[in-house]
Amino acid sequence: MAHAVSSLTSSTLFIRQQFQSRKLFQRPSRGCWTNSRQFSSSPAARRGIQVVGSDSTGGYGGVSEISESESKASGYVWPDDNKRPRVCILGGGFGGLYTALRLESLDWPEGKKPQVVLVDQCERFAFKPLLYELLSGEVDEWEIAPRFSDLLSNTAVQFFKDRVQSLHPSDHLGMGGDTVSRSAGVVHLESGLLIEYDWLVLALGAETKLDVVPGAVEYALPFSTLRDAHRVNEKLIQLERKSFGNDSPIRVAIVGCGYSGVELAATISERLKDRGVVQAINVDKSILPNAPPGNRESAQKVLSSRNVQLLLGYFVRCIKKDDTTESHNNERYILELQPAERGVESQVIEVDLVLWTVGSKPLLAELEQSDKPIYLPLNGRGQAETDETLRVKGHPRIFAVGDSSAVRDGNGNLLPGTAQVAFQQADFAGWNLWAAINGRPLLPFRFQNLGEMMSLGRYDAAITPSFIDGLTLEGPIGHTARKIAYLIRLPTDEHRLKVGISWLAKSAVESTALLQDTITKMLSGQ
């Protein structure tokens, strides 16, 4: 049974008082709220983020519907409740975390610096462009996936490890009232915590879209998150142990030859060497169809030198498990490939591991699972439609960045969901929050393409900067330049320093080992 209250503020106060009287709530420390899920996975309960509201007039306070289960939740007590602005950031990827850090770095008038809460389902931030280095063993987990608690230890940002169950925005109900102190809505987390906010940032990211081909959900592994990287690495270790001492090569199929697919193919083929066969499948007739020519040519040379088999002009029709395998440890999979053009024969390949890199779906798309009214304007992909200042249309208190936002370039094309775009959006979102809170004009977001980078192995990479036409840095030089560029982009000064020292130490050890090996060979040759 639903309960209607006169405003979101009143409903949250009622919930808070109810649970404080039962002594079920204590002020949380910077840490984790566990035992929850951001998006339900069971068919019956999978409703995603629910946005609930009703038509009303007169400011942010209108009528908001709160379910009976939500009325039993506990309310988060902000440290400086009702005095300083309250900002809730959902998602701790490049867009969310860097927006929080940007807010911390700005100069604020006295009494205006916002209280910030960051919510993410993982305890670690993942620097996704460097996940490939986990497979090659070039980096350690702490270097590219530090804990949020460590990154935010010297800030006032509160971190909650939790998943979003529903949103109850009320800023769409009117524009009247004080734009600083009036509540703009409530976030309901699956742990039962209710967070009342004045400003909301949607940065929930995206996940790999597997449900487009029969068998992909069951048998293919994505490569998008830290958890995905661990799963792929564990599977490779298992296959390497199984193949030790026999002549049967490890066969890996990678679906998609965009940046992610090509980087995986280069990394895994280098790792397996003669013990494996890597096959890369792409519906286009070339790899990296949208990449700069220099990057495409560098990747083509590397893949060719490592005997990666390119199956171009094919799409995967289905993936099946090979029922002739005798044990769980010897699972093999069959991929049926359909040609994209007529006159070409179909193919069937058998592999030990299938990696899927094609397509993604924003987690805001889960809104479509809700059976209640949705007030966030979403495009066909499930991204929030924003204006040029990154504010969600019709919601002056909600900003969206990264994969959660549908931002277009000057030609009207949607910006890609890349780390570079999210970096720049976070900078603008943080500034525009400052401007909105202080009653200053907001800046329109303008994406500046600085170039494209890709990893091609442990000592190989390709970089094409946008500000020098025709230049591509490749090989060891490109590899070093790429690592320096990403080192500069790591979240905090303290973490950059630690990682920089670690990488220098590793480089010194590798150089010493290489020198010793060279001297040994020279002496043995004499």
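**Cavities**

I looked up the largest cavity of this predicted model and found about 50 Å³ of space in it. Its lining consists of Gln 383, Gly 402, Asp 403, Ser 405, Val 407, Leu 415, Pro 416, Gly 417, Val 421 and Gln 425. By class I recorded 4 nonpolar, 5 polar and 1 charged residue in that lining.

I then searched the whole structure and obtained 2 cavities of 30 Å³ or more. The second largest cavity has a volume of about 30 Å³. I listed Lys 285, Leu 312, Gly 313, Tyr 314, Pro 339, Ala 340, Glu 341 and Val 344 around the second largest cavity. Its lining divides into 5 nonpolar, 1 polar and 2 charged residues.

**Second largest pocket**

I next took the second largest pocket, which holds about 680 Å³ of space. I counted 29 lining residues, and those closest to the centre of this pocket are Leu 101, Pro 491, Thr 492, Asp 493 and Arg 496. Which helices supply at least two residues each to the lining? I noted α2 (94–105), α5 (148–151), α10 (419–437), α11 (475–489) and α12 (493–525). The lining of this pocket has 11 nonpolar, 7 polar and 11 charged residues.

**Overall composition**

I recorded 12 helices and 27 strands for the protein. Of its 526 residues, 52% count as buried. I also checked contacts between residues at least 6 apart in sequence, and 70% of them join residues at least 24 apart.

**Nonpolar cores**

I found 84 residues in the largest nonpolar core, where Leu 97, Phe 127, Val 262, Ile 268 and Leu 355 touch the most other members. The largest share of this core, 12 residues, comes from α10. A second, separate core has 25 residues, including Val 119, Ala 184, Leu 189 and Val 392.

I followed Val 262 further, leaving aside neighbours within four places in sequence. Val 262 is in contact with Gly 256, Cys 257, Ile 287, Leu 288, Ala 299, Leu 303, Met 454 and Leu 456.

**Helix α10**

I checked the length of α10: its 19 residues reach 27 Å from first C-alpha to last, close to the 27 Å expected at 1.5 Å a residue. How many of its residues are buried? I counted 17 of the 19, so the entry reads "mostly covered" for α10. Gly 439 follows α10 and has a positive phi, near 70 degrees.

**Helix α7**

I applied the length check to α7 (residues 226–243) as well. Its 18 residues should span 26 Å at 1.5 Å a residue, and I found agreement because the end C-alpha atoms are 26 Å apart. The buried residues of α7 are Leu 226, Asp 228, Ala 229, Val 232, Lys 235, Leu 236, Leu 239, Glu 240 and Ser 243. I traced what these buried residues pack against: α3 (132–136), α4 (141–144), β13 (221–222), β14 (250–255), α8 (259–272) and β20 (353–356). Gly 245 follows α7, and its phi is positive, near 90 degrees.

**Ala 400**

I located Ala 400 in strand β23 (residues 398–400). Is Ala 400 buried or exposed? Its relative accessible area is 0%, so I entered Ala 400 as buried. Not counting residues up to four places away in sequence, Ala 400 touches Leu 202, Ala 384, Thr 386, Leu 390, Val 392 and Ser 405. I also compared Ala 400 with Ala 429: they are 29 residues apart in sequence and 8.1 Å apart in space, C-alpha to C-alpha.

**Positive phi outside glycine**

I looked for backbone exceptions, since most residues other than glycine have a negative phi. Leu 288 is not a glycine, yet its phi is positive, about 45 degrees. I placed Leu 288 in the loop between β15 (276–282) and α9 (293–305). Its relative accessible area is 2%, under the 20% cut-off, and therefore Leu 288 counts as buried.

Asn 307 also has a positive phi, near 60 degrees, in a residue other than glycine. I found Asn 307 in the loop between α9 and β16 (309–312). At 61% relative accessibility, over the 50% cut-off, Asn 307 therefore counts as exposed.

Terms used:
Residues numbered from 1 in each chain as written. Predicted model: local features only at pLDDT ≥ 70, side-chain atom pairs only at ≥ 80, totals over all residues. Heavy atoms only, no water. 1 Å grid on protein atoms, 1.4 Å probe; cavity = no way out; pocket = protein on both sides within 12 Å on 5 of 7 lines; lining within 4 Å. Points joined across faces, edges and corners; volume = space filled by probe spheres on them. Helix = DSSP H or I, 4+ residues; strand = E, 2+ residues; numbered from the N terminus. Nonpolar A, V, L, I, M, F, W, Y, C, P; charged D, E, K, R; others polar. Expected span 1.5 Å × (residues − 1). Buried < 20%, exposed > 50% of the residue type's maximum accessible area, 1.4 Å probe, protein only. Contact = heavy atoms within 4.5 Å. Core = buried A, V, L, I, M, F, W, Y, C linked by side-chain atoms within 4.5 Å.
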